[in-house]
Amino acid sequence: MRLPWWTLTLHSAPLRRASTVPAGMSNFVPTCSTTDAQLLNQLQHFVSRARRLFVISGAGLSTESGIPDYRSEGVGLYARTDRRPMQHAEFVRSAKSRQRYWARNFVGWPQFSSHQPNTAHKVLQRWEEKEKLHWLVTQNVDALHSKAGQKRLTELHGCAHRVLCLGCGAISAREELQKRFISLNPDWRVQAGAVAPDGDVFLEDEQVLHFRVPSCDDCGGILKPEVTFFGDTVGKGTVQFVHDRLAESDAVLVVGSSLQVYSGYRFLLAASDRKMPVAILNIGPTRADHLAELKVSGRCGEVLSVIHPL
């Protein structure tokens, strides 16, 4: 028998449990205080009330898998370095920029592609299986939701595991491109620097001078990761599809995102227009805090692992 949501309780003390972040992968997770028990209970009530939950995930979810984000205080890319991500216009117009990008991406790919889903990814996949989660929109390009088995999923900004030809539109596997890189650059070796959120590593310009970049096998066109670079926009068809899934839902949960990028934030504005209840789980402030009825600060895996999809 289903209990009324107001009778459900989780803890009488703040959440204190073993970390869900594997050893050696916590370097990119920002510090946060212990999650308050009352807020956990409120989040449980929020999830329990929802029948068709719409979830938006961001980079804060994948930091617990060892992938850095851009904006986290003290540990994000912007805090650690003066490096900035590739801009769409620069990639399209400059062969030198594409050479630098792909050289860095080539070096970083073995590590980036090996990352595995963490506790939070697995919890959200189980919510889908139990028909609690209606649709999940991720702003991440790391394929970790897919690796976890998520099916009701939109990768809003694309996926770094796919490659797009800007000429003919052909889609191919990033792993196949890695083989072509190796074939074209058999003797190319560099010492890599720190890893970036989108899968590349930091290399100096002189290190990439002799790196060779292949063209599309079908048309000779420019190859680009099938992701939305900064300065580009998400396709109208994708945006409308997500709006349609939002319209079918009855509550919105944000997990691990500051929502600083408009492509994700727009769906919180739409939810607000629809008077939909919104909850946010994130370490640090978000752009949509004023739209949420509940804000919980904590590590995504640790918090979601104690929330039950009743």
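**Exercise 1.** Decide whether Asp 217, with a relative accessible area of 64%, is buried or exposed, and then find which residue forms a salt bridge with Asp 217.

*Solution.* The first step is to compare the value with the cut-off: exposed means over 50% relative accessible area, so Asp 217, at 64%, is exposed. The model used throughout these exercises is a predicted one. The second step is to look for the partner, and this is Arg 180, whose closest N atom lies 3.2 Å from an O atom of Asp 217. The third step is to place the two residues along the chain: Arg 180 belongs to helix 8 and Asp 217 to the loop between helix 8 and strand 6, so the salt bridge ties together parts that are 37 residues apart in sequence. Finally, Arg 180 has a relative accessible area of 26% and is therefore partly exposed.

**Exercise 2.** Work out which residues of helix 8 are buried, and how they are arranged when seen down the helix axis.

*Solution.* Helix 8 spans residues 174-184, and its buried residues are Arg 174, Leu 177, Gln 178 and Phe 181. Seen down the axis, these residues fall within an arc of 110°, which means that they line one face of the helix. The spacing can be understood from a general point: an α-helix has 3.6 residues a turn, so residues three or four places apart point the same way. As a last step, one asks what covers these buried residues, and the answer includes helix 5 (95-114), strand 4 (158-165), strand 5 (171-173) and strand 6 (223-227).

**Exercise 3.** Find how many salt bridges the structure has, and say which parts of the chain are tied together by the pair Arg 49 and Glu 293.

*Solution.* The count comes to ten salt bridges. In one of them, the side chains of Arg 49 and Glu 293 meet with an N to O distance of 2.9 Å. Because Arg 49 lies in helix 1 (residues 37-49) and Glu 293 in the loop between strand 8 (278-281) and strand 9 (294-296), the pair ties together parts that are 244 residues apart in sequence. Another pair is Glu 248 and Arg 245, whose side chains meet at 2.7 Å, N to O. Here Glu 248 is partly exposed at 33% relative accessibility, whereas Arg 245 is buried at 15%. Elsewhere, salt bridges that share partners join Glu 90, Arg 100 and Asp 205 into one network.

**Exercise 4.** Identify which residues line the second largest cavity, and sort this lining by class.

*Solution.* A search of the whole structure finds two cavities of 30 Å³ or more, and the second largest has a volume of about 30 Å³. Its lining consists of Lys 96, Gln 99, Arg 100, Asp 205, Val 208 and Leu 209. Sorted by class, the lining has three charged, two nonpolar and one polar residues. Arg 100 and Asp 205, which are among the lining residues, also belong to the salt-bridge network with Glu 90.

**Exercise 5.** Determine which residues Val 92 contacts, leaving aside its neighbours within four places in sequence.

*Solution.* Val 92 is located in helix 4 (residues 88-93), and its relative accessibility of 36% makes it partly exposed. Beyond the neighbours set aside, Val 92 is in contact with Arg 98, Leu 166 and Ile 222. For Ile 222 the separation from Val 92 is 130 residues in sequence, yet 8.2 Å in space, C-alpha to C-alpha.

How values were computed
Residues are numbered from 1 along each chain as its sequence is written. This is a predicted model: local features need pLDDT of at least 70, side-chain atom pairs count only at pLDDT 80 or more; totals for chains, interfaces and linings use all residues. Side-chain values use heavy atoms; hydrogens and water are left out. Buried means under 20% relative accessible area, exposed over 50%, partly exposed in between (1.4 Å probe, protein chains only). Helices (H or I, at least four residues) and strands (E, at least two) are DSSP runs, numbered from the N terminus. The arc is that of the directions from the helix axis to the C-beta atoms. Contact means heavy atoms within 4.5 Å. On a 1 Å grid over the protein atoms alone, a cavity is a set of points where a 1.4 Å probe fits but cannot get out, and a pocket is an open set with protein on both sides within 12 Å along at least five of seven lines; lining residues have an atom within 4 Å of a point. Grid points are joined across faces, edges and corners, and a volume is the space filled by probe spheres set on the points. Ala, Val, Leu, Ile, Met, Phe, Trp, Tyr, Cys and Pro count as nonpolar, Asp, Glu, Lys and Arg as charged, and the others, Gly among them, as polar. A salt bridge is a side-chain nitrogen of Lys or Arg within 4 Å of a carboxyl oxygen of Asp or Glu.
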